[in-house]
Amino acid sequence: MVALLLHLMPPILRWAVPILRFMHLPPDEESRLTINIVPMIDVVFAILAFFILSTLYLTRAEGLPVTLPTATTSVSQDEAALTLTITAEGTLFLGDEPVTLEALPADVQALIAPGQPAMVTIRADAATPHGQVVAVMDRIRNLAGVRLGIATQQP
């Protein structure tokens with residue numbers, strides 16, 4: 001019997017090997033259960049970048065950076081329509097644009113709507129000469145319908 005099996009083995013192997021070579025077995029069940037998290041990480045980073053960039057546009061710049069004087073009796077006001085910044089050197093900026101003292105009333109008048117009350121907040125550096133701040137306030141107070149506010153910080 002063993003002799004017969006040994007005699008029949010080579011023809012069976014010649015017939016079975018080509019069939020096994022072309023036979024495609026399905027992959028194991030365990031290999032299909034893997035989760036690829038790389039696309040999920042890409043989506044999370046895209047959402048994170050969106051929120052970071054969108055919050056940058058939510059903050060409103062109130063003018064140029066100056067060291068505001070402190071005041072314990074300061075009261076918070078509504079949003080200012082215009083911000084006038086006076087640096088320590090006495091340079092004037094209406095919003096982010098530089099302006100001269102002589103052209104200040106015309107520039108403020110051009111930015112406010114006619115007949116509408118407007119609030120101009122003066123952000124003067126603590127080292128700004130008092131005379132410069134008074135001169136600016138005097139120019140703005142001559143405009144009709146314009147209220148003045150002075151920006152300070154809490155101590």
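**Exercise 1. How do β1 and β2 run relative to each other, parallel or antiparallel, and how many bridges join them?**

*Solution.* Start with the two strands in this predicted model. β1 and β2 run antiparallel, and 3 bridges join them. Next, look for a facing pair: I86 stands opposite L92 in β2. Finally, follow the chain through the hairpin of β1 and β2. There are 5 residues between the strands, and G90 takes a positive phi near 95°.

**Exercise 2. Find the strand that pairs with β1 in the parallel sense, and count the bridges.**

*Solution.* The partner is β4, which pairs with β1 over 5 bridges. I86 is a handy landmark here too, since I86 stands opposite A124 in β4. Put this beside Exercise 1: I86 stands opposite L92 in β2 and opposite A124 in β4.

**Exercise 3. Decide which residues of β1 are buried on each side of the strand.**

*Solution.* Begin with a general idea: in a regular strand the side chains alternate between the two faces of the sheet. Now sort the residues of β1. L82, L84 and I86 lie on one side, while T83 and T85 lie on the other. To call a residue buried, its relative accessible area must be under 20%. Every one of these residues is buried, and both faces of β1 are covered. The count is 5 of 5 residues buried, so β1 is largely enclosed by the rest of the structure.

**Exercise 4. Which residues of helix α3 are buried, and which are exposed on the other side?**

*Solution.* Take residues 104-111, which make up α3. L104, P105 and V108 are buried there. Looking down the axis of α3, you find its buried residues within an arc of 95°, so they line one face of the helix. Now turn to the other side of α3, where A106 and A110 are exposed. What does the buried face touch? The buried residues of α3 pack against β1, β2, β3, β4 and α4.

**Exercise 5. Find how many residues the largest nonpolar core has, and name those with the most contacts inside it.**

*Solution.* The core has 18 residues. Those with the most contacts inside it are L84, I86, L104, V108, V120, V136 and I140. Then ask which elements give two or more residues to this core: they are β1, β2, α3, β4 and α4. Of these, β4 gives the most, with 4 residues. Some names are old friends by now, such as L84 and I86 from β1 and L104 and V108 from α3.

**Exercise 6. Is R141 buried or exposed, and how far is R141 from P105 in sequence and in space?**

*Solution.* First place R141 in helix α4. Its relative accessible area is 62%, so R141 is exposed. Then compare two kinds of distance: R141 and P105 are 36 residues apart in sequence, and their C-alpha atoms are 9.2 Å apart in space.

**Exercise 7. Describe the geometry of the aromatic pair formed by F50 and F51, and say how accessible each residue is.**

*Solution.* The count of aromatic pairs comes to 1. In this pair, F50 and F51 lie 5.5 Å apart, centre to centre, with 65° between the planes. An angle over 60 degrees counts as edge-to-face, and that is the label for this pair. For accessibility, F50 reaches 54% and counts as exposed, whereas F51, at 48%, counts as partly exposed.

How values were computed
Residues are numbered from 1 along each chain as its sequence is written. This is a predicted model: local features need pLDDT of at least 70, side-chain atom pairs count only at pLDDT 80 or more; totals for chains, interfaces and linings use all residues. Side-chain values use heavy atoms; hydrogens and water are left out. Buried means under 20% relative accessible area, exposed over 50%, partly exposed in between (1.4 Å probe, protein chains only). The arc is that of the directions from the helix axis to the C-beta atoms. Contact means heavy atoms within 4.5 Å. A nonpolar core is a set of buried Ala, Val, Leu, Ile, Met, Phe, Trp, Tyr and Cys residues joined through side-chain atoms within 4.5 Å. Rings of Phe, Tyr and Trp (its six-membered ring) pair if their centres lie within 6.5 Å; planes under 30 degrees apart count as stacked, over 60 as edge-to-face and the rest as tilted. Two strands pair if DSSP finds at least two bridges between them.
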